[in-house]
Amino acid sequence: MLETVVGHIILGLSIAAPIGPINIEIMKQGIHKGFWSSLLVGGGGMSADLILMCLMYFGIAAFVKISYVQIALLVLGCVILTLSGLQGCLSSVSIDEARDKDKSGLFNSYATGFMIAAFNPMNLLFWLGIYGSVLSQSLQRPDKWEAFFLSTLVFVGIGLWNLNMSLTVHFGKTLMKPATLRGISVVASLVLLFFGLRFGYLAAEMLFVASK
């Protein structure tokens, strides 16, 4: 049983670890706004992932594979990531985390993480693969409470990775010079812009093919 528990937590860590829009946004928010903002970006992403997992269980997979649905998601992902990248390039960097006390700012961080995860078609396709290969095995167990427990462990792993990212940025930025932080912030923002523009290109390409 211990091996199963550890295995599902490691699965969650491996799902969250690859560098993508959520991890980049956690880093960017941590530099600009502080620990709680970066942590809530991850929390928003986890909320979206949980909803996606439930929707996959109830058969949304076929709906997601429709071309025009994918195009709409790509366009939304393009807008969200491009705006986030531009905002990061234009924002100033400070180690003062007083803005973390701003509740509206915290909600915005949560909402940003949620929208990036929810409207990222690559994330949807990733969850389709994960659900089909691993999570479906848990959810098909005769004991539904055991299935729920094992699925929860996956999200524990994701949460641990998000916490690790937030703490790393929080403590790491106190050791860096403002110029270094600014450089990291610009690079992270440019990566988000890259993802956003790539989604826009893919949406245009799919629309061109679908219109033929």
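This passage looks at one helix packing and at the aromatic pairs in a predicted model.

Two packed helices can be described by the angle between their axes and the distance between those axes. Here, helix H2, spanning residues 21-32, packs against helix H9, spanning residues 178-211, at an angle of about 150 degrees, and the two axes lie 9 Å apart. The crossing of H2 and H9 is left-handed. On the H2 side, the contact is made by Pro21, Ile24, Glu25, Met27, Lys28, Ile31 and His32. H9 contributes Leu181, Arg182, Ile184, Ser185, Ala188, Ser189, Val191, Leu192 and Phe195. Sorted by character, the residues of this contact comprise 10 nonpolar, 3 polar and 3 charged.

Turning to the rings, the structure holds 2 aromatic pairs. Phe35 and Trp36 form an edge-to-face pair, with 5.0 Å from centre to centre and 75 degrees between the planes. The pair counts as edge-to-face because its planes are over 60 degrees apart. Phe35 is buried, at 12% relative accessibility, whereas Trp36 is partly exposed, with a relative accessible area of 48%.

The other pair joins Phe194 and Phe195, again edge-to-face, with 5.9 Å between centres and 65 degrees between planes. Phe194 counts as exposed at 51% relative accessibility, because the cut-off for that class is over 50%. Its partner Phe195 is buried at 16% relative accessibility, and Phe195 is also one of the H9 residues that make the contact with H2.

Conventions:
Residues numbered from 1 in each chain as written. Predicted model: local features only at pLDDT ≥ 70, side-chain atom pairs only at ≥ 80, totals over all residues. Heavy atoms only, no water. Axes fitted to C-alpha atoms, helices over the stretch in contact; angles between N-to-C directions. Helix = DSSP H or I, 4+ residues; strand = E, 2+ residues; numbered from the N terminus. Left-handed = near helix turned anticlockwise from the far one by under 90°. Contact = heavy atoms within 4.5 Å. Nonpolar A, V, L, I, M, F, W, Y, C, P; charged D, E, K, R; others polar. Phe/Tyr/Trp six-rings, centres within 6.5 Å; stacked < 30°, edge-to-face > 60°. Buried < 20%, exposed > 50% of the residue type's maximum accessible area, 1.4 Å probe, protein only.
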